[in-house]
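Please look over the sequence and the structure shown here before reading on. The briefing is meant for someone meeting this structure for the first time.

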Amino acid sequence: MNIIVTGGAGFIGSNFIYYMLKKHPSDRIICVDKLTYAGNLETLESAMEKKNFKFIRADIADRRAVYRIFEQEKPDIVVNFAAESHVDRSIENPEIFLQTNVIGTSVLLDACRRYGIDRYHQVSTDEVYGDLPLDRPDLFFTEETNLKTSSPYSASKAGADLLVMAYHRTYKIPTTISRCSNNYGPYHFPEKLIPLMIINALSDKKLPVYGDGKNVRDWLYVEDHCRAIDLILQKGRVGEVYNIGGHNERANIDVVKTILKELGKPEDLIEHVTDRKGHDRRYAIDPTKIHTELGWEPETKFEDGIKKTVKWYLEHRDWWMGIISGDYQTYYERMYDKR
Ligand code: NAD
């Protein structure tokens, strides 16, 4: 099997590549990544040593480049992780989100239409459903929940999902979509909540928490997400959407306190900063469909996953030090120091 993994130099895509190389050593993985600020070739160093892995630097919105890749690599499967993924950046500059997340997805789908494909899988997010009220713990997102986006990021991901559905219906492209809750684990870019808090705490810097910190996210260890996508590729029904989440809801402030406890750092490092515009209050996934149809359930408890993640950041300082020293500093100052 030739599998194109787009966005494989980023957080979840790289974890998925390592998962697949280990689980399916006879498959060939071709990573297609533009290497934006969020993509990092160092992350793929060990994969580069494998004969059945190839890296191609390309923009998924570049039609000529994508068609050339399809002609050369003849993929059987495409798994699209490539995206602009940070909500805060989408609030600052929505355009690139439309370009990559919407136009990029349409180019990949057109390539599938032109050259044929056994499966196109779109990696989506629970953010396409908007948010849930904090005082209704009985409510969850199901695959039938209406799309009701809050940020330019989630709107662009919802746009991509709708295109995938349309290409399935109109052109009979064999597609699947997964909508996952918040991931955490190794290789997570330092701008996101969990790595940001670990890295700041390690340097005794203030931990900027938006608003009251009571916003709730449903956290999933990244390997559980990778295993779910692999299962969907093998056994998922074409044309379907699968929600992925582990009934693991935590308020942001509690996640931050857990990290501080894990690192033996004081809670007075926490600093509440001006809330994100349009900040979603609660995300919570109902994973019944993927559980009953495909037998998937999360294997890593949050308590264990967060320990593993903190340990990984402690042992991979070179990886994140390289990132936080460059352009990231300017971004950080704009986002937090000047609030
Ligand atoms: P990330 O920002 O860490 O990585 C994105 C990768 O895509 C980077 O390597 C980047 O270089 C690449 N990329 C960006 N634009 C590109 C383009 N035009 N062409 C080719 N490559 C491009 O993101 P992530 O957190 O790993 O998320 C991966 C996917 O999973 C995204 O589609 C995201 O919407 C989705 N998702 C993420 C989460 C989460 O918690 N992180 C949860 C649910 C869904």
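The points below cover the strands, the ligand site, one helix and the cysteines.

This is a predicted model. In it, strand β5 (residues 119-125) pairs in the parallel sense with strand β4 and also runs parallel to strand β6, and β5 gives the most residues to the shell around the ligand.

**Strand β5 and its neighbours**

- Strand β5, which spans residues 119-125, is mostly covered, with 7 of its 7 residues buried.
- From β5, R119, H121, V123 and T125 point one way, while Y120, Q122 and S124 point the other way, and all of these residues are buried.
- Strand β4 (residues 77-80) pairs with β5 over 4 bridges in the parallel sense, and V79 stands opposite H121 in β5.
- Strand β6 (residues 175-180) runs parallel to β5 and is joined to it by 6 bridges, with T175 in β6 as the bridge partner of Y120.
- A right-handed β-α-β unit is made by β5, helix α6 (residues 152-171) and β6.

**The ligand and its surroundings**

- There are 28 residues around the ligand, and those that come nearest are I12, D33, S85, Y153 and K157.
- At least two residues of the shell around the ligand come from each of α1 (11-23), β5, α6 and β7 (182-184), and β5 gives the most, with 3 residues.
- Backbone atoms take part in the contacts with the ligand: a polar backbone atom of G10 is 2.9 Å from an oxygen atom of the ligand, and a polar backbone atom of T36 is 3.0 Å from an oxygen atom of the ligand.
- A side chain takes part as well, since a polar side-chain atom of K157 lies 2.6 Å from an oxygen atom of the ligand.
- Taken alone, the ligand exposes 840 Å², and the protein buries 97% of that area.

**Strand β9 and its partners**

- Strand β9 (residues 216-221) is largely enclosed by the rest of the structure, because 6 of its 6 residues are buried.
- Both faces of β9 are covered, with V216, D218 and L220 buried on one side and R217, W219 and Y221 buried on the other.
- β7, which also supplies at least two residues of the shell around the ligand, pairs with β9 in the parallel sense over 3 bridges, and Y184 stands opposite Y221 in β9.
- Strand β11 (residues 249-251) runs antiparallel to β9 and is joined to it by 3 bridges, with R250 in β11 as the bridge partner of R217.

**Helix α7**

- Helix α7 (residues 193-202) is mostly covered, with 9 of its 10 residues buried, among them I194, P195, L196 and M197.
- After α7 comes D204, whose phi is positive, near 55 degrees.

**Cysteines**

- How many disulfides does a search of the whole structure find? The search finds 0 disulfides.
- The sulfur of C112 has its closest cysteine sulfur in C31, at 16 Å, which is too far for a bond.
- C180 is likewise in no disulfide, and the nearest cysteine sulfur, that of C226, is 9.2 Å away.
- C112 is buried, with a relative accessible area of 2%, and C180 is also buried, with a relative accessible area of 3%.

Conventions
Residues numbered from 1 in each chain as written. Predicted model: local features only at pLDDT ≥ 70, side-chain atom pairs only at ≥ 80, totals over all residues. Heavy atoms only, no water. Disulfide = S-S within 2.5 Å. Buried < 20%, exposed > 50% of the residue type's maximum accessible area, 1.4 Å probe, protein only. Pairing = 2+ DSSP bridges. Right-handed = clockwise from strand over helix to strand, strands pointing away. Near = heavy atom within 4 Å. Polar contact = N/O pair within 3.5 Å; in protein donor to acceptor, adjacent residues only side chain to side chain. Areas by Shrake-Rupley, 256 points an atom, 1.4 Å probe, with all protein chains shown as cover.
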